There are 2 protein chains.
Amino acid sequence: MSFIKTPVKGMPEQLPADMELREYAMNKIKETYKRYGFSLIDTPAIEHIENLTNKQGGENETLIFKILKRGEKLEKADKISDLCDGGLRYDLTVPLARFYANNMSSLPTPFKSLQIGNAWRADRPQKGRFRQFTQCDIDIIGDNSNLAEIELISATSEMLFQLGLGDFNVRINDRRILKAMAAICDFPQDKYDDVFIALDKMDKIGLEGVMNILKSMNCAKKFAEENVHKYCNFFKEGIYFDSCIDFLGNKLDGVLSSEVINNLNDIILCVRKIILNKGKVVFDPTLVRGMSYYTGPIFEIELVDKSNLSSSIAGGGRYDEMIGKYNDNKIQAAASGFSIGFERIVSILKSKGLKPQIDSNSTAYLISKNLGYDSIENVFVKANTLRGKGQRILVSPKSKNMKVQIDKLIEQGYNKIIEVSELGEHEIILR
Amino acid sequence: MSFIKTPVKGMPEQLPADMELREYAMNKIKETYKRYGFSLIDTPAIEHIENLTNKQGGENETLIFKILKRGEKLEKADKISDLCDGGLRYDLTVPLARFYANNMSSLPTPFKSLQIGNAWRADRPQKGRFRQFTQCDIDIIGDNSNLAEIELISATSEMLFQLGLGDFNVRINDRRILKAMAAICDFPQDKYDDVFIALDKMDKIGLEGVMNILKSMNCAKKFAEENVHKYCNFFKEGIYFDSCIDFLGNKLDGVLSSEVINNLNDIILCVRKIILNKGKVVFDPTLVRGMSYYTGPIFEIELVDKSNLSSSIAGGGRYDEMIGKYNDNKIQAAASGFSIGFERIVSILKSKGLKPQIDSNSTAYLISKNLGYDSIENVFVKANTLRGKGQRILVSPKSKNMKVQIDKLIEQGYNKIIEVSELGEHEIILR
């Protein structure tokens, strides 16, 4: 019989102090989103392997923890996939789309969902990045207007503000603008995703870097140099703009309806007015977002920190075509969502040294070894009375090494420590 | 590409109303246990397959969802177990023991742990019983005195009382008493577990039923009839007793130290005095608890309900030998724990028709289709001001079928509905 005391590779454990911080952040998030009318739902950790491998999840589909069928025999299997029928979800969007398709008749329209739960990815473990992580998603399903995006972005901005995470930028774009810019430069449609992957690196490698990737790209029909120049010309004045109408001007006339552009501009102006000086709202024509299921506006929030330049903390977008796929396209449902990186939030709060306030009225009773049960009963009865008044009370045996015990109790926030022995109770004076 | 809209077999989904009830119960549980000095921790869902199959978990070890190694090739495997290195935990005790062994130097002594999380068992799905379920465990590690049991039982009693679950019985026994009774009747030691499995059925099949099982039991050395009669004689006066000292008298003299009996009696008397009339506390010599890792006092709480006679809602016991196994027995740690069936609690609250109170100040703004963005902005700004005051505010597009929309909003607890159109705002009078 084998016993292994370390956790499985890449899996996180939460000690009490970390857990207090997580609970604090979690409660703030729930509280804020509930005030915006989002309702908590829950979906199972295990999904059909088919739903996890239907090409909606991009790279994540290569990182699935797969689950063995029960009672399966090795001899009967031709390949690994014969042996497995489920997997741990790699995000909360796939389960949500399935959940909505399955339960739509019981849900209001539009449905504002709040889902908080774990997801798993067999990524290479690295500092601060685990193979099990908590995600927190809000989604609005059944609203094809941009009221959905305005709500999602302003609710999330408010949540970040409530958590005191510091200055942030909201970057907004639209997949249709991305595509129209690629189209007008005559890139072949099946190469759009490669073009966008290059563009996505702009903030790291600069315009020249992007241009070099596009020039060296190895496609059947190599991009004409003039097209690459035309494309990169779009971005030569930077990546953050106040207005997408000003930025685009008449550049996309003929390939993109002005409705798409006005729709996005309304989101930008409206969010800017709602969140005021809590964060900066910009149009960023280089914002890509990896997932291929996005169909309209896409958005990301990055924290602006001197030590931590532009780190993305939340991202999302509109995905109007996904839910219909779970219904053989019988019922389409417009959908837009925002996924918040809970682990990032917790690690930032931790690095800021935030300590959630502990009840100021915490008492520990330390019971001496040979105390009679009549006296012990009395301590417990008194402790329960105080607990009934909302106080945190610990009843514990006195340790041999009382100094260590007292230090640990102070660390846990106990501000009154009472020793109970045959001689009665006496309070220990804390330094 | 395949899309399946139903959940994986036996996996639960939580709709918003269910989720509200779960959140309500969860918060009450956390709140109560925190007042007793328990600290939240968290452990990963995936455990080493070795830890899940080391004969600590009894029948549960046959119900594991196993996880495929990443990048494994079928050809290299001789048997299914070569292909898998992890599994989903079937309870929270195995992860806790591992966690404590791994982190003991950072934890206070005694450590009072509160763990709430999902566990998975590939059980036959049935009504109200799912393959993913939430468990809620409290454990006290590093306290070898019965202060631990007194705390565990009185905290859990208080929690059930706070949730208003109705009358309950606390049944208490000790594995050492169980064993001594079997020993004094000359049952062979390797048959104790079979004897206890029979005894455990007393409340369903009565004393005669138990006797028949024992008589017909097919062991190498068949039980002598007089031993079976001697054993069953213990229980002929029923199964609930006020005092284990009165019950046992001198029956176990010579095979069990009086210390064990006094220890248990002190727990019973002390808990009875602490929880007073919130629940009945009894010694039940037929209480068995399945897990073989228990070493001392064991306990269970059952609800007493006219419609739902004696349904177990929480169970636990002392398991002093488990944690040491994760340390090659270098460091032993006394431990006692109580596991609360969260799903049972929720289903009982639901059957009682409990509806958590929703914020009484909930307003929905319904936006007409062609409203200009200036007006929309104003609605959002106003909504955010009210949200800042703690109110729940929904901003949504007006549906074509407004009657259905309003009904659903009322169902969700919105008590003020305001239509916003080009003509301004007007409140819809609710029935």
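Why is helix 5 of chain B largely enclosed by the rest of the structure? In this predicted model, helix 5 spans residues 175-184 of chain B, and seven of its 10 residues are buried, so the helix is largely enclosed. The buried positions are B:R175, B:R176, B:I177, B:L178, B:A180, B:M181 and B:A182. The cover over these residues includes two strands of chain B, strand 7 (168-174) and strand 9 (297-303). It also includes helix 6 (192-199), helix 8 (225-233) and helix 10 (258-275) of chain B. Just after helix 5, B:D186 adopts a positive phi of about 65°.

Strand 9 of chain B, part of that cover, contains B:P297. This proline has 25 C-beta neighbours inside 10 Å and therefore counts as buried, the threshold being 20 or more. Leaving aside residues up to four places away in sequence, B:P297 touches B:N146, B:E149, B:I172, B:D174, B:L264, B:I267, B:G317 and B:R318. By contrast, B:S375 is separated from B:P297 by 78 residues in sequence and by 68 Å in space, taken from C-alpha to C-alpha.

The relation between the two chains comes next. Two copies of a chain are related by a rotation about an axis and a shift along it. Here, a turn of 180° with a shift of 0.0 Å along the axis lays chain A on chain B with an RMSD of 0.0 Å. This is the relation of a two-fold axis. Within chain A, the residue that comes closest to the rotation axis is A:I67, whose C-alpha lies at 2.3 Å from it.

The contact between the chains draws 92 residues from chain A and 92 residues from chain B. On the side of chain A that touches chain B, the largest share comes from helix 13 (residues 373-388) of chain A, with seven residues. By class, this side of chain A comprises 43 nonpolar, 26 polar and 23 charged residues. Of the interface residues of chain A, 100% are also interface residues in chain B, so the copies meet through the same surface.

One part of the contact between chains pairs helix 10 (residues 258-275) of chain A with helix 13 (residues 373-388) of chain B. Their axes come within 9 Å and cross at roughly 35°, and the crossing is right-handed. From helix 10 of chain A, the participants are A:D266, A:L269, A:C270, A:K273 and A:I274. They meet B:Y373, B:I376, B:E377, B:F380, B:V381 and B:N384 in helix 13 of chain B. The residues of this helix contact divide into seven nonpolar, one polar and three charged.

Helix 13 of chain A also has a place beside a sheet. Strands of a sheet pair through backbone hydrogen bonds, either parallel or antiparallel. The sheet in question is open, with four strands of chain A in the order 13-12-14-15 and mixed pairing. Its edges are strand 13 (392-397) and strand 15 (424-428) of chain A, each of which pairs on one side only. Neighbouring strands are turned by 25° against each other on average, direction ignored. Strand 12 (residues 362-367) and strand 13 of chain A run parallel and are joined by six bridges; A:L366 has A:S396 in strand 13 as its bridge partner. Helix 13 of chain A packs on this sheet, touching strand 12, strand 13 and strand 14 (416-421) of chain A. The direction of this helix makes about 160° with that of strand 13 of chain A.

Notes
Residues numbered from 1 in each chain as written. Chains lettered and ligands numbered in written order. Predicted model: local features only at pLDDT ≥ 70, side-chain atom pairs only at ≥ 80, totals over all residues. Contact = placed C-beta atoms within 7 Å. Nonpolar A, V, L, I, M, F, W, Y, C, P; charged D, E, K, R; others polar. Buried ≥ 20, exposed ≤ 12 C-beta atoms within 10 Å, placed from the backbone. Axes fitted to C-alpha atoms, helices over the stretch in contact; angles between N-to-C directions. Left-handed = near helix turned anticlockwise from the far one by under 90°. Least-squares fit on C-alpha atoms with pLDDT ≥ 70 in both. Pairing = 2+ DSSP bridges.
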